[in-house]
Each structure stands twice: as structure tokens, then as C-alpha cells.
Amino acid sequence: MKYELVSGLETHVELSTKTKIFCSCTTAFGGEPNTHCCPVCTGMPGALPVLNRKVVEYAIRAGLATHCAINRVTHMDRKNYCYPDLPKAYQISQFDEPVCEHGYVELDSGKRIGITRIHIEEDAGKLVHEGGFTFVDYNRGGVPLIEIVSEPDISSPEEAKEYLEKLQLIMRYIGVSDCKMQEGSMRADVNISLRPVGSKEFGTRTEIKNMSSPSFIVKAMAYEYERQAEILDAGGEIEQATLRYNENDNTTSKMRGKEDAQDYRYFPEPDIPAVRISEETIEEIRLSLPELPTEKLRRYIAELGVSEANAKLIYPYKNVARYFEEAISLGASARVASNMIVGAIYSTLRTEEEKENFAIRVPAKELSALVAYVDGGKLNASKANNVLLKMLESGEPVSAYVKAEDLAGLSDEELLSLCKGAIAANPKAAEDFKGGKEKAINSLYGFVMKGSRGKADVAKADAILRDLLR
Ligand SMILES: [Zn+2]
């Protein structure tokens, strides 16, 4: 039978506030175990939590950027569970009054993945298993998180990946998290069920916990789809269960079944008063939001005339986008500037991390000056690219490489004589072109460009050659 995949994601995003959610301990990643802690975040008796105002603001930012409604009153709850990574034996989270509800993230296809809710909560500590012992590190305990819960609107592994990548981009753009999946500052639980194509009812779902990369999610979902389809085809029933993904052999295995599913017993947190969020606060935060990724991508293509391929290579990186926009504001044409960024500049930035950081030696002002020569027809693109590569290497300005005499261009007489020379030296190409082979003219251009050491204006040379060959 043909089955349709139904999936929703619960994504945990660690917020990049300086201090933890209920105390003034640092949120810095790493550090000697148990050095970023205090009586509050280790749940010592009598310690009183105080909600970090920034955490609520960041959650509102995340909500507005994903088209959510912001609840005017929100409160914290205790989610009870007993595990060594959580010394209080309850996690402070939110149950029935989260900060944000009813939003969506739009995919490239225009399909919207609904967001049920975004709530705030504290992270737990970390268990480290070593040499037969288990150690606990509470540095991460109390680091603020938002949990973004999607509707079961996702119908393929690729959609899940795109949704997650979009979410990652949005959170980075608005500055609430670095969303580094490899450091655990973004992780997702993926639930999956199958139903016969066309059916409206949901099948029994399984949940894959703690996924740490979009590409693993694709593999895990594909595996889980096959596994469930096989069971259903054989007339079996899916067991509701929590699964773990095994990276080594790309399979899922059971962590616990429904019978030992935990009943968390939420109840309102008595030590933290409810938070009232005013309309003014919401408006203030809305106004402080930057242009969002989807809007930026659309503007680059529709308004700036950047090719879709270039736009998609630039907009994911906040610092690259800022640099590109600065170069344009200084007068560079968007088309040429974008070509140079994804060409010469990206050839020196190999990893995602390097593009993200974007530490290059050529300021936007110098790129803009170089692009101006190309825009003015004084330097051709490939020559400009070479100059830019040298500038990236040395950090020297355009003026160190491009001299006024190089840019004088060719006089019309010089260009005409070069074109005549090109025809005389390539009689076959000239004949072929006359005979209707349009492409034959390319070797004549090549000859002219070479003869002029790249100074010839291509459009002018084209007009002259065509005139001569008529
Ligand atoms: Zn603390």
C-alpha cells in the first residue's frame, strides 16, 4: 500500500542570553564541570529563582518572527521528573500558558508548517559516562531554552530538513541563538506516523529523540518510514514508542514504550509570578526585528536583480548579507558585487563556519570601488576577479593593483585595428560565422581580449566584429 508520512518537530533552541534563566550564572558553552553553577541552578533548598527578563523578550522575538500570537499573560510550571541531570526533580517549563502560539514557517514551495506553540524552559545538566562511572555536569542546567512545537504538517524528510534549516536561519537572524547543532544549542525530537494516502486519520506515532543534524533527520525519517510501512504491509500494528537514532548503522531503536511513558504531572510554579506582557512591549520588539530571511531573499532577487543562485548563497549568512548590502549602498551594482562575493571571496572561505564569521581583509568600500570599475566598463569581470583574489590575500586596497593607465581603455581606432587583426588571423572562424555559426565569433572575441590585455569593451568589440563580418 502507499503511505503518506505525517510528521511534526519539537525543536529546542538554546537562547544566547548572557546569564541563565533564573540566576546570574554564565551560559557560556564548555568550562570546567560544575563551575558555571550556583544554589539556584543546582536546586539547593531555599534558593529562589528569578525569571530573566531577556528570556521572555527573546521568546517574543522568536514568536513574532514566526508569525505567532503572543499571549498577554504567561506563567511557568513545574514538570516533574526524576533523573540525575535535574537535581530539583522538576524542570521549570510552561504548560498551559506558553509565551507564543499559532504561528508558521513558510517553505520555499509556499507550504506553511504550522507552529503550535513556543514556550520557555530551563535546560538540564549533562551526564558524562566514563570508565564505568557516570559523572554529572550542571553547567548547562538552567541555560534558557525555547521549545518550538510544530503542527504535524510535515510530509517528507526533505520538508523536515527545510523547516529546520529555515528555523535555524530565522533564529540566527533575530539574534536569539547561534543554533549550533554540533554544540547542542539546537536539537529536535521528530515524531512520525504513517497513514494510507488519502486517509484523514492519524496512524500511531513514534518519536525519535534528540536529533542533532538536519541530514541525520532525513536519514532517520527515511528509515522509520520504511520500518513502519513494512509492519503495516504485513498487517501489523505500530507500537507507540520513543526511539533513539543510531548514527553508526543509520537505524532507530527503542528507548521506551508507551507503558513506561512518563506522566510528568505539571503544576504551576509557585515561586515565579505570572508575567504580563503589554501591547507596547510587543510593538517595541516587533519594531526591533531585522528584515527576515525570506523577505531578504525575495528582495535580493526581485528588487536588486541578483540571480536566484547567488541570492541563495548570500542570504543565509548574516555577516555576508551585511557586507553585500554595504557594498551596494556605496554604489556597487548588486549583480557584479554578488558575483564577486560568491566567486573570488567564497573561494577563500571553505566552511560554513568561515562564511558565518566572514573575517576577510577587503572592506566593503574596497569591493565597491573595484565593482565600480567593472560597472563602468573599465575592467572586465575576470580581471576584476583576479585583482580581488590578490586583495584578499594581501589586504591592500584596489589602488595597489589597478593603475589609472590600465583603465584608460582602448581608443576606437585601437579597437578597430584589433578586430581587423582578429579576423585576419582567424579566417576559418570568420567564414564559419558568416556561414551562420553564431558561436564562431567567440574565438574572435578571445583574440581581441587577449590582444588588448583585457581592456577591450566586449559590447563595443561585438558591434565592430559583426559590422566587419557583414
Ligand atoms: Zn546559577
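Which residue in β14 is the bridge partner of Leu-243? I'll get to that in point 5, after a quick walk through the rest.

1. First, a caveat: this is a predicted model. In it, the protein has 15 helices and 16 strands, and 34% of its 470 residues are buried.

2. On overall shape, the C-alpha trace spans about 90 × 55 × 50 Å along its principal axes. The radius of gyration is 29 Å, whereas a compact globule of 470 residues would come out near 23 Å. As for the contacts, take those between residues at least 6 apart in sequence: 69% of them join residues at least 24 apart.

3. The domain assignment gives three pieces: domain 1 covers 3–281, domain 2 covers 291–407 and domain 3 covers 412–468. Between the centres of domain 1 and domain 3, taken over C-alpha atoms, there are 63 Å. Keep that figure in mind when you look at the radius of gyration of 29 Å.

4. Now the main sheet. It is an open one of nine strands with mixed pairing, and the order reads β2-β6-β7-β10-β1-β11-β12-β13-β14. At the edges you'll find β2 (69–70) and β14 (251–257), each of which pairs on one side only. As a reminder, strands of a sheet pair through backbone hydrogen bonds, either parallel or antiparallel.

5. Back to the opening question: the partner of Leu-243 is Lys-254. The strands involved are β13 (residues 241–246) and β14, which run antiparallel and are joined by six bridges.

6. Moving inward, Asn-191 is a handy residue to click on. On one side, Gly-8 stands opposite Asn-191 of β11; here β1 and β11 run antiparallel, with 11 bridges between them. Asn-191 also has a bridge partner in β12, namely Glu-207. The β11 and β12 pair is antiparallel too, with four bridges.

7. What lies across this part of the sheet? Helix α3 (residues 214–233) does, and the strands it crosses are β1 (3–14), β11 (186–196), β12 (206–211), β13 and β14. Its angle to β11 is about 25°.

8. Strand β10 (residues 144–150) deserves a look of its own. Five of its seven residues are buried, so the rest of the structure largely encloses this strand. Its pairing with β1 is antiparallel over five bridges, and one pair to find there is Val-13 with Ile-146 of β10. Strand β7 (residues 112–122) also pairs with β10 in the antiparallel sense, over seven bridges. In that pairing Glu-122 stands opposite Pro-144 of β10.

9. Ile-146 turns up again in the packing. The largest nonpolar core has 61 residues, and those with the most contacts inside it are Ala-59, Ala-62, Ile-118, Ile-146 and Val-190. Leaving aside residues up to four places away in sequence, Ile-146 touches Val-13, Leu-15, Ala-59, Ala-62, Ile-118, His-119 and Ile-120. So what does the second core include? That separate core has 31 residues, among them Tyr-315, Val-342, Val-371 and Ala-384.

Key
Residues numbered from 1 in each chain as written. Predicted model: local features only at pLDDT ≥ 70, side-chain atom pairs only at ≥ 80, totals over all residues. Helix = DSSP H or I, 4+ residues; strand = E, 2+ residues; numbered from the N terminus. Rg over C-alpha atoms; globule rule 2.2 N^0.38 Å. Buried ≥ 20, exposed ≤ 12 C-beta atoms within 10 Å, placed from the backbone. Contact = placed C-beta atoms within 7 Å. Core = buried A, V, L, I, M, F, W, Y, C linked by C-beta atoms within 7 Å. Domains from an automatic or database assignment. Pairing = 2+ DSSP bridges. Axes fitted to C-alpha atoms, helices over the stretch in contact; angles between N-to-C directions.
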